[in-house]
Amino acid sequence: MTTVEGSDAAEALRIGRAVARDALLDVLAQAGFRRVAGPEDRWRGALTFQPANRDNGSVRTTLVEVVLEEDFPFTAPKVLPLSRGWAEQVTGRTFTDSYYEASNGWHRDLDRAMCLFIQADHTRIPWADGEQLLDQARAWLAQDAAGWGDDVPALDLDRYLHPSAERALILYGNLAGHEGKVLQLRRKRHGVLRVGPVAAPRRRGRASGHRIWPSDTVLILDAKELDGPIRDWDDLCAAVDADGARTLARAYDDGLRKVMLIYRHRTVRGVLGLALAADKDDKVTVKSLKTAPDDLATRTIRAHPRAEVLGSKRVAVVGVGAIGSVVADLLHRSGVGELVLIDGDLLLPGNTTRHLLDGDAVGLPKARAVAEALCKTRPRFGAVQWQDERLRSVADALTLLAGHDVVVDATADSTATAMLTAAARAGAGHLLSVCVLADGYAIRVDRTPVRDGEQPLPLPQLPPPRSDVYETGCGSPISQTPPAAVWEAAALAVRHTIGLLLNPGAAAPGEQRALAEGQDQ
């Protein structure tokens, strides 16, 4: 591949954008679109479609304008549907009742452009295909005319509002039972605000009985089923019942400037944070606040898809050095209900290059430090216990395997591995051993015991060992394994561990991967 640098690269990109633009304009021209005079690259034309909920053959027409941004095709074109009055004004024509005027509801951006491509697709740029762009616009109009009956219920209401200049993140828990109440906002680290208890107003002046809400308060309102997005004050008042609207107006008059609106759309419930302010004409403006739920469901939604099942499992990780610490972290993130971490070593400065922990944990027992880090990062996830000792006997290995659904051996200790393997072969329980071979040349996971008829993995062909590298104060050679190989080995071990936890009958006997042809990585 030839590398293009400097001005040559810019010229190549310019030519590529020009080719993509010309291809799109060819499609628009064939569809009857014509350029609109003005500084923008704007094209106007008519789209015909049949509403999605009608099968009687009625066809509707909408005039749209396609605006190409300077960075097209890397930026999607804007497609704006014209109202009937505006369409008649710019064309000088009178349209019949078959003209469809797009609603001002769902799936329109702040500039009223149609939101056509919601799902991120990192493998292609779909709007660069002119036919696909127009087909998507017709499909949007058909759904809009049908009232979005097949719409996905989850909607991001923030996108219909300009963001507030106040950039603080507001975290909230369960707001049920607080509807109509004003709650306090407590300031936490990094400027985060957390919704707290019921707030008390302050009196304005000694002689006045008028009360005012301080800036660190928020009103909780419950909306009915939303028929459309919240774009302004009128939409907000219409979204709540009469009592809610009166509560809102009274609170605003008393100085309250933040609202959290609990809303429902079909089967989905959500919370929209709103900042209120008065413009120069004393009209109330509505902007979005950055909010996020902070509960167990929110924290676990990105864990393993079967986190509920994993929550009932118990796993021991023997050896929480570089590989074992990452194994423990990934298992905890995935939702494993209980982890037991076993390691008798202290964390040394040199360990932190490949270890999960950083320099703040130097001098602590590895097992304890990793356990505390997992619980601090995800306090509501599974329990984590630790043992500051080595595996000392076959009896210990038998007890460990019998008391856990899976034991992960990440010790790189031949004695501990031999004891655990012997106990697992004797039927004490499930063992997964993980290691990095030849300073990162390969990674390997082995399951013990193998089932009848299965063959364990064959021994690999490894390159000759490197010269030993020693560290002052340490009697054993130091592995030159790159950090990336450590994390890849840990990820491989966790995938096999979870497979064994969820479906032990289908678990593979192991896996081995060569990471490089040679040892230079």
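**View 1. His 355 and its polar partners.** A polar atom of the His 355 side chain lies 3.1 Å from the backbone nitrogen of Leu 357, and the backbone oxygen of Val 320 lies 2.8 Å from a polar atom of that side chain. Polar contacts here are pairs of N or O atoms within 3.5 Å; within protein, one must be able to donate a hydrogen and the other to accept it, and residues adjacent in sequence count only if both atoms are side-chain atoms. This is a predicted model, in which local features need pLDDT of at least 70 and side-chain atom pairs count only at pLDDT 80 or more, while totals for chains, interfaces and linings use all residues. Residues are numbered from 1 along each chain as its sequence is written, and side-chain values use heavy atoms, leaving out hydrogens and water.

**View 2. The surroundings of His 355.** At 5% relative accessibility, His 355 is buried (under 20% relative accessible area; exposed is over 50%, partly exposed in between; 1.4 Å probe, protein chains only). Leaving aside residues up to four places away in sequence, His 355 touches residues including Val 320, Ser 325 and Lys 366 (contact: heavy atoms within 4.5 Å).

**View 3. Arginines over tyrosine rings.** Arg 257 sits over the face of Tyr 252, 3.9 Å from the ring centre. Likewise, Arg 159 lies over the face of Tyr 160, at 5.2 Å from the ring centre. The rule asks for NZ of Lys or CZ of Arg within 6 Å of the ring centre and within 35 degrees of the ring normal.
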